[in-house]
Structure formats: structure tokens, C-alpha cells
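Hi,

Here is the structure I promised to pass on. Have a look at it first, and then read on for what turned up.

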Amino acid sequence: GGAQTEGKVYQIATDTTFAPFEFQNDAGEYVGIDIDLLKAIAEDQCFEYKLNPLGFNAAVAALESNQADAVIAGMSITDERKEKYNFSEPYFDSGVVMAVSNSNEDITSYKDLEGKKVAVKTGTEGAGFAESIKEQYGFELTYFEESSFMYEDVKTGNTVACFEDYPVMAYGITQNNGLKIVTDMEKGNSYGFAVLKDKNSELLEMFDKGLSNLIESGKYQEILDKYISAK
Ligand code: GLN
């Protein structure tokens, strides 16, 4: 940061529970790949921020209404979003998968969703994908504001499946979230840090510079390895 950022505290909105990108540890502190990256980048670039875990859709709404300066929330860099936001360089690749309760043997493909209810998270790339195929496969959508609510609904059997980002679902399964992935990953977009178009360009620049420094120094890989084991 330079003179422009002196004394400024950026408001950064994030999701509530989206492990391994943002979640609370046993001490109730927010941790995860996004949280640690942001912290390391802010240290590297000397800017101050306040983290606001609002939920994904609420974080994007906060950005749009100028309540937030930026969003870091495993947010996919989609063409549609690029019309409204400027994104950093991509920092993590993603895509969408379908998951069902791990005791469910009946739903193994999109065809099996006919006449059924399916859970999605409001405003996400997963929801957008499900919306794009729901007529073709004849299923109905139920919307949730948080990934954890969506998983619970699938486990109780109100909905038979949910659509979620692969890295998040794969991590959740290693944490025994009670679900299993039944489809190949649909091609999705990588994650980026977002600001409104024409606003906070200096913040975006610092993010990109910091990210590239962390990649160079090995700190980026260290953060990934802390949350995702290479095995
Ligand atoms: N990557 C997805 C998106 O950007 C989901 C993000 C999230 O749920 N935090 O839409």
C-alpha cells in the first residue's frame, strides 16, 4: 500500500462455511485457504482489512451495494460476473459435481433426478449449472443460503442430491460430511478475488502483486498444503 491506502481499512466479505476456503476452527476463528491467502497478501502489501463472513450470496450483494470493498469466497470467475466485477488472477481451479447421501444407491446420474427435488446454494456456479439442466432432466430446485444447510437437507432426504464445487465437496467428504460424489466434474471456472468494476482498483492490484509474491516465495503452496493433503 502507499499513500492511497494509508489508514484505510478495506471491508472484505466472505462466505460463512466453505471449507477448506473459509470456515471456523475449534477456537471460533476464521481460517482456510482464502482467509490465510488474504492475510498473507495484506501483510505482504501492507494494507488493512476487516473480514466479514456474510454467506456467499450476501457477500456478493454487499459488494454490489458498496457495503464491501471486495469478496474472497471461493468465487468463480465467470463471464457473466466479469461484466460487473473485476477479478484478480485466478488462484484455485474448480468445477461442479453432484453429491448424494452416502447411503443412497438410487441416484447415480442426472437422469435419476427426474421428478425429484435437488438442493443448490443461492447465486452459485453450482446453482447456475443445475438451473441449466433442470428442464432437460425434469427435476425441481430447493435453494439454500449455506452449503451446510444444503448438505443437511440431502442427508434428511428432503432433496436427493446437491450441486457443489468439487474442491469443497471432496474436502467435506474427507471430513465425513455424509455425502458422496456421483458424477464427473463439470468444467467450471477458477476462483478469484473480486472488486466492483471501477472501484478499488488499487486493492485489486495489491492482491495480484501479493499473490504473485506468495507464489514466488512458496508461501502460496504452503497455505494450500496446510488444508489439502497431497496424498
Ligand atoms: N464457486 C462458486 C461460485 O462462485 C461457489 C462459491 C461459494 O459458495 N462460496 O458461485
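Right after helix α2 comes N66, and its phi is positive, near 65 degrees. Keep in mind that this is a predicted model.

Now for α2 itself, which runs over residues 56-64. Which of its residues are buried? They are F56, A59, V60, A62 and L63. These buried residues sit on the same side of α2, because they cover an arc of only 155 degrees around the axis. As for what covers them, the list includes the strands β1 (9-14), β5 (70-71), β6 (85-87), β8 (117-121) and β13 (194-196), along with helix α3 (79-82).

The other thing to look at is empty space. The structure has one cavity of 30 Å³ or more, and the largest cavity holds about 110 Å³ of space. It is lined by 15 residues, and F18, G74, T124, E125 and D165 are the closest to its centre. Two elements, α4 (125-137) and β10 (161-165), each give two or more residues to that lining. β10 gives the most, with three residues. By type, the lining of the largest cavity splits into six charged, five nonpolar and four polar residues.

Where does the largest cavity lie with respect to the domains? Domain 1 (3-92 + 190-227) and domain 2 (95-187) both give residues to its lining, so the cavity lies between them.

If you open the model, α2 with its buried side and the cavity between the two domains are the two places I'd go to.

Cheers

Key:
Residues are numbered from 1 along each chain as its sequence is written. This is a predicted model: local features need pLDDT of at least 70, side-chain atom pairs count only at pLDDT 80 or more; totals for chains, interfaces and linings use all residues. Side-chain values use heavy atoms; hydrogens and water are left out. Buried means under 20% relative accessible area, exposed over 50%, partly exposed in between (1.4 Å probe, protein chains only). Helices (H or I, at least four residues) and strands (E, at least two) are DSSP runs, numbered from the N terminus. The arc is that of the directions from the helix axis to the C-beta atoms. Contact means heavy atoms within 4.5 Å. On a 1 Å grid over the protein atoms alone, a cavity is a set of points where a 1.4 Å probe fits but cannot get out, and a pocket is an open set with protein on both sides within 12 Å along at least five of seven lines; lining residues have an atom within 4 Å of a point. Grid points are joined across faces, edges and corners, and a volume is the space filled by probe spheres set on the points. Ala, Val, Leu, Ile, Met, Phe, Trp, Tyr, Cys and Pro count as nonpolar, Asp, Glu, Lys and Arg as charged, and the others, Gly among them, as polar. Domain bounds come from an automatic or database domain assignment.
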